[in-house]
Amino acid sequence: MKIKSVEIYGYGQFVQRKVEFNENFTEIYGENEAGKSTLQAFIHSILFGFPTKRENEPRLEPRMGNHYGGRVTLKMDDGSLVDVERVKGRAQGDVKVFLPNGAIKDETWLQQNLNFINKRTYQDIFSFSVMGLQDIHQNMNEQQLQNYLMQAGALGSTEFIGMRDLIHQKKQALYKKSGQNPQINRQVEELKQLEAQIRDESAKLETYQRLTDERDKAARRLEHVKTNLNQLTGFFEAKQKEIALHDQVQEWKGLEADLNVEPLEFPEQGIDRYENAKFQTEQLKRDIGLRNEKYQQLSYENEQLYIPSDELSQSLENIAKKEESIKQTTMDLRQTEREIEHTERQIDGLMSNIGWQAIDSDIDTSDIRKSDLSDALKEKRDLNYAVQQLQQNYESMEVDQQSSQTELEELKSQLVSEENFAKKKEYDKRALELREKKNLFSKMKEAFETEQLQKEKQQKSLRIAMIILAVISVGLAVFSFVSQTMLFAIVFAVLAVIFVIGCFAIKTKTEGHTERFSDEINQLEKEVARLEQEYDLNFDLADQYQLRDQIHQREQQFIVLNTKQKHIAQQLEASEADLQQVSQKLTQAKAEMHVSEKLSDDLLIDAMMTIHQIKEHHAHLQTLVLKQQQLTQSLNAFYDEAQKQVTDALPETDNEALFHDVRAWVSRTNSNRVQHERNQEQMTLLEKELKHLTHRLNENKSIIQKLFNFIGAIDEESYYRHHDNYQTYHQRLSRFNDLTKYLENQNYGYEESSKLSEKTSAQLQDDYDKLSTQIDDYNQRYLTLQSEVSDLNAQITHMETDNTLRHLRHRYQLLRNQLNATAEDWAALSYLEALVDEHIKQIKDKRLPQVVDVATQIYHELTAGQYIQVTYQNEQVMVKHRDGQMYQPIELSQSTKELLYISLRLSLIKILKPYYSLPIIIDDAFVHFDVTRRQRMMKFLRALPDAYQVLYFTCAKDNHIPSKQLVTLEKIEKH
């Protein structure tokens, strides 16, 4: 899987940005704050989801409210292109995967194709940064550094080792075999102490039964006294109630006697209705008076207004409506007069420009005539330029001929004779042959000497072998003779003799060099020396060849220059003849246009344009004069007719004030007519209102009379007096009903209330004192018994509520449950520790040897052969120098340790390639490298197979990277 391109809708500082990557290696260059880290975070977010609140990462949502998210185009291992789009939605965003066949997949499909790797694991394995490399130098001891490198090479991260250490630490915090502070040790000791306390508290239960019997007897006596006291209390409360209600009962009995008369009647809401009717009557009388005064005023105003006839008003309004058109006609007349003056001035100016005294309309100023004249002027300019150019070319040709002639003579003076030239060629040929034969002779001599030495070595080895075989044969012959096997003894003796003869027969044949090469070399040396003595050969043959070529070229150039000069002379004569003919044509055109012959040819077209303008302005002037006459006649006719119509209404007006006076008159009459109509409408409305108000006044008077008739009142005073009597009666009735209801609520009916009203206050107080004395006596007895029972209950309750034993047992059970839960946690941690250790062991046994082998190759290449092997034995990572010395990682330099870390990480990526085919992201991880190591590192990354893709983010641009593998991020200015 490779990232082909990213398209950012809105993420951090990027808005609508697209970046394309090379399929193998891409360097993303940008200054600080150019967006390199933002681009990395965008790739992680699209593939694995936006950061959530639980992650310690910023979400980088755009500040301007742009669309949050983007799209990444992936090239899958089968070559197909897949688009992964993630936008704002759920916590990690809504993702869509667009396949080449048009299908759309979801997050599940993406996770399956990423082989269920999460963002943290991807960053720990496939992503490098300078922060990860700096962890190597954070004051680690040897063991910590070994663990860090092993985690990077075998596990890809520190999670498994950190998990194992954390589990072991938690186990130690729970239990130690001989510890005191761990939780389980403390809980066991506390259980032992609780068991001893429970045994002590169990012996305190002997006197409980005796106290219980005494309490039951005292409680029965207390209950008997309480019953009698409750009966007396009931009588006492009833007597208290009679005393409290005695005053209300007396008042209730008095109201009953007062209300024993015939009930009074009064109209419902009689006072409000009367006062409302009285107020409305007075208000209506005032309104009727005001409307009568308004009606009389409007009648007087209508009599004072002047209303003209409709025919006169219509005629004057028509005149007012024509004001704009007449004003426009007047303005057109003045504009026409100004245009006539302006046109006459323009004609005079144009005639003075070309020297005319009178207008000649017969001159041809058509476009065809202008075109002919323009062509003639252009032809004259072209001919003048051509003549000047030809003259310059002719003079230049003469200069070139003289220069070529001089140069040719100088070159010929530098030539050597043909004889010396031929001997020089022969001399160079012999000298070359001599050098080649000397070289060949030297090489043959070296080859002969080498072959002779080899043959001598072979013969020496053969003699030694025959001597050894002769010695062996002699020994075998002696052994055979001693053992009486004569046949073998004779055979071995013969072989020994043959080997001895062979040792002396092998000789080195001395081969001499041939004398023919020496003779040829001597002859060539003599011939070369003879040529040097007899001829002047102190010149460069190549220069002579070049000199002859230059002389030939100069002679050819001289011939070409003569031909060109003749041709230019012919062209110059023809151009001068054409120029004379065009000049005569232009002189004739000036005469036809009646302009001076001294007029410049360049101004001839302008003169024709001026004549054409004079003709146009003259025609326009005649049109303007005709228009002036028509406008003057129209205005005179209008003013004559208007004066006839306004004579009666406006006898003193003139043409200049006509429209002003007419507008004033029309405005005044229209205002009078509108005012008259408005007054008439108000008078009609007032008549209707007066009729309605009079009707309402009569209705209110009728209502007042009906109220008086209902109770038989003759005036307002008797009406109010009857109302006061009515209110007093109903107040007493209401109080009687309230007291009756209150007594009924106290369970006092008519008979009980009547009986209570017959008793006096002295009788009730005497009964109350007797009951109070009896209740005090019973209360004293009740309190004494209650105190006795309370003491017994307190002793029993103390024994029953002494929760020491119960609390001890409860604490014992709780602590026991906690101990069991803690023990289960300890067992679970032990199981997890075993699982983690087993997983790390499997990784070390299976994956780590492969990682170390591949890391050896990478480390050897990155260190330029300085370190030849990476080993992992006995839980130790070590490297071997090319001098055979083994080094611990802590003994290496800073950049060399970083190279070892990078080698292990890259090796792990290669081992995991069949399972995770993901891009490698490097964030400026080589800042501690020198130039050579950085170049070597970049060369290695760029040389990775095509199956890998590397995205290298840096703020230091590498000029050796081709443009197709370079992406530049421009810094975005913040506003």
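Partly exposed describes a residue whose relative accessible area falls between the buried class, under 20%, and the exposed class, over 50%. Glu 23 belongs to this middle class because its relative accessibility is 30%. The model examined here is predicted.

Glu 23 forms a salt bridge with Lys 75. The closest N and O atoms of the two side chains are 3.0 Å apart. Lys 75 lies in strand S4, residues 69-75. Glu 23 sits in the loop between strand S2 (14-20) and strand S3 (25-30). The pair therefore ties together parts that are 52 residues apart in sequence. Lys 75, at 25% relative accessibility, also counts as partly exposed.

Strand S4 contributes to another salt bridge through Arg 71, whose partner is Glu 85. Here the N to O distance is 3.5 Å. Glu 85 belongs to strand S5, residues 81-87. Arg 71 and Glu 85 are 14 residues apart, and the pair links distant parts of the chain. Glu 85 has a relative accessibility of 15%, so this residue counts as buried. The cut-off for that class is under 20%.

A further pair is found within a helix. Asp 382 and Lys 378 form a salt bridge, with 3.2 Å between the closest N and O atoms. Both residues lie in helix H12, residues 367-413. They are 4 residues apart, about one turn of the helix. An α-helix has 3.6 residues a turn, so residues three or four places apart point the same way. Asp 382 is partly exposed, with a relative accessible area of 41%. Lys 378 is partly exposed too, at 45%. Elsewhere, Arg 59, Glu 61 and Lys 88 are joined into one network by salt bridges that share partners. The count of salt bridges comes to 12.

Charge also gathers on the surface. Glu 337, Glu 341, Glu 344 and Asp 348 make up a patch of negative charge there. Asp 348 lies in helix H11, which covers residues 323-354. The relative accessible area of Asp 348 is 51%. This value is over the 50% cut-off, so Asp 348 is classed as exposed.

A nonpolar patch was also found on the surface, with an area of about 1100 Å². Its residues include Val 474, Val 478, Phe 481 and Val 482. Met 486, Leu 487, Phe 488 and Ile 490 are also among them, as are Val 491, Val 494, Leu 495 and Ile 498. Two elements, H13 and helix H14 (486-505), give two or more residues to this patch. H14 gives the most, with 8 residues. One member, Leu 495, is found in H14. Leu 495 is partly exposed, with a relative accessible area of 32%.

Helix H13 runs over residues 418-482 and has 65 residues. The distance from its first C-alpha to its last is 96 Å. That is close to the 96 Å expected at 1.5 Å a residue. Just after H13, Gln 484 takes a positive phi of about 60°.

Positive phi values also occur at Asn 115 and Ala 864. Asn 115 has a phi of about 60°, although this residue is not a glycine. Asn 115 is placed in the loop between helix H2 (107-113) and helix H3 (119-126). Its relative accessible area is 32%, so Asn 115 is partly exposed. Ala 864 has a phi near 55°, again a positive value in a residue other than glycine. Ala 864 is found in the loop between helix H22 (804-862) and strand S9 (867-873). At 48% relative accessibility, Ala 864 counts as partly exposed.

Helix H22 also holds Val 836. Val 836 counts as buried, because its relative accessibility is 8%. The C-alpha atom of Val 836 is separated by 9.5 Å from that of Ile 167. Val 836 and Ile 167 are 669 residues apart along the chain.

Notes
Residues are numbered from 1 along each chain as its sequence is written. This is a predicted model: local features need pLDDT of at least 70, side-chain atom pairs count only at pLDDT 80 or more; totals for chains, interfaces and linings use all residues. Side-chain values use heavy atoms; hydrogens and water are left out. Patches are made of residues with over 30% relative accessible area and no salt bridge: like charges are joined within 9 Å, nonpolar side chains (Val, Leu, Ile, Met, Phe, Trp, Tyr) within 5 Å. Accessible areas come from the Shrake-Rupley method with a 1.4 Å probe; for residues, only the protein chains shown count as cover. A salt bridge is a side-chain nitrogen of Lys or Arg within 4 Å of a carboxyl oxygen of Asp or Glu. Lys and Arg count as positive and Asp and Glu as negative; His and the chain ends are not counted. The place of a charge is taken as NZ of Lys, CZ of Arg, CG of Asp or CD of Glu. Buried means under 20% relative accessible area, exposed over 50%, partly exposed in between (1.4 Å probe, protein chains only). The expected span of a helix is 1.5 Å times one less than its number of residues.
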